[in-house]
Amino acid sequence: MPLDHDLTDLMDVNYSPLQGLQPELIGQCWLVLFEGQVVLNDESTGENFLWYSLDKFQLAIKQQGIVTGYFYGKAAGVVELSSLTVETGTISIRALLSGSDSTVYSFLSHGLQILTSRREHAFCGCCGHQMQEKVGEWAMACAQCEHHTYPRISPCVIVLVTRGEEMLLVRHHRHGKASTMHTLVAGFVEPGESAEEAVHREVLEETGLTLGKLHYCFSQSWPFPHSLMMGFHGEYKSGELVLEEKELSFGGWFHRDNPPELPPGFTIARKLVDLFV
Ligand SMILES: [Zn+2]
């Protein structure tokens, strides 16, 4: 049986992304980044991760900011600093996302990925010439050979595997030995593969299990750096748990009434688990 879900908390209502670069549009509020951290402002009004003027940063701006969309009706953009000249606090992007609603999440996820695209496609992959941002699209264009690149989106699958009243949870080496957080099996979709095939392959590779019924649930953009996570629910079919030890440090079945430590609420892993527990 598909697990019931309501998409409202995954749907953003107050961030409207632009469909491309509009250089004439003047930003009214800015997400300011320095070395991968969000620079916080100390003004008592509005959101403390947004700046309503960039005057204090004029000499420290790395490259002209990009207006990416409308955040609660205000033209909102992202800008990176080459040095932090203002005495103020910073917060990691993950920490900011963990306390944010879907509007903030959408704005951050979009803006970060536009910046990543500008950085990763600074030079043409065909001829090596410098690329320029194209007006009206989120594309980088080569003036030499006319090659275009668009922001890269990397499809991934993530799956809640259930067996009766139990769910399969794993821990990854990359979260560190000290972490007690349990999450779901996930992985990138390979070239030529469907999302469903990727789910079956990842579950088999990482845990030795085969799945029966598989249902697509929902997806989430994940800006680290440009994943599109597609969330599934798969029912256990057969096999004994044999972990892929290079990636996983632990894997086991947990009763739905007694889950261990789980990822924070903004993650698709948690939203999938929450359908079940
Ligand atoms: Zn080129």
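These legends accompany three close-up views of a predicted model.

**View 1. Four cysteines hold the zinc ion.** The protein donors are the SG atoms of C124, C127, C142 and C145, and they lie 2.3 to 2.4 Å from the zinc ion. Follow the chain and you will find these donors spaced as C-x2-C-x14-C-x2-C. The angles among the four donor atoms run from 99 to 117°, and the site of the zinc ion is tetrahedral. Do take a look at the surroundings of two of the donors: C142 counts as buried because its relative accessibility, 4%, is under 20%, whereas C145, at 36%, counts as partly exposed.

**View 2. An open sheet of three strands has the order β8-β9-β10.** The pairing here is antiparallel. Both β8 (131-133) and β10 (148-149) have a single partner strand and stand at the edges, so each has one side without a neighbour in the sheet. Three bridges join β8 to β9 (residues 140-142) in the antiparallel sense. Within this pair, look for Q132, which stands opposite A141 in β9.

**View 3. The largest pocket holds about 640 Å³ of space.** Its lining comprises 26 residues, and R94, R174, H175, W222 and M229 are the ones that lie nearest the centre of the pocket. Several elements each supply at least two residues of the lining: the strands β11 (154-163), β13 (185-188), β14 (210-222) and β15 (227-238), together with the helix α4 (268-274). If you are curious about the chemistry of the lining, its residues divide into 16 nonpolar, seven polar and three charged.

Technical notes: Residues are numbered from 1 along each chain as its sequence is written. This is a predicted model: local features need pLDDT of at least 70, side-chain atom pairs count only at pLDDT 80 or more; totals for chains, interfaces and linings use all residues. Side-chain values use heavy atoms; hydrogens and water are left out. Donors are N, O and S atoms within 2.8 Å of the metal (3.2 Å for Na, K and Ca); water is not among the atoms, so sites may look incomplete. Four donors count as tetrahedral if all angles lie between 85 and 135 degrees; four count as square planar and six as octahedral if opposite donors are over 155 degrees apart and all others between 65 and 115; anything else is irregular. Buried means under 20% relative accessible area, exposed over 50%, partly exposed in between (1.4 Å probe, protein chains only). On a 1 Å grid over the protein atoms alone, a cavity is a set of points where a 1.4 Å probe fits but cannot get out, and a pocket is an open set with protein on both sides within 12 Å along at least five of seven lines; lining residues have an atom within 4 Å of a point. Grid points are joined across faces, edges and corners, and a volume is the space filled by probe spheres set on the points. Helices (H or I, at least four residues) and strands (E, at least two) are DSSP runs, numbered from the N terminus. Ala, Val, Leu, Ile, Met, Phe, Trp, Tyr, Cys and Pro count as nonpolar, Asp, Glu, Lys and Arg as charged, and the others, Gly among them, as polar. Two strands pair if DSSP finds at least two bridges between them.
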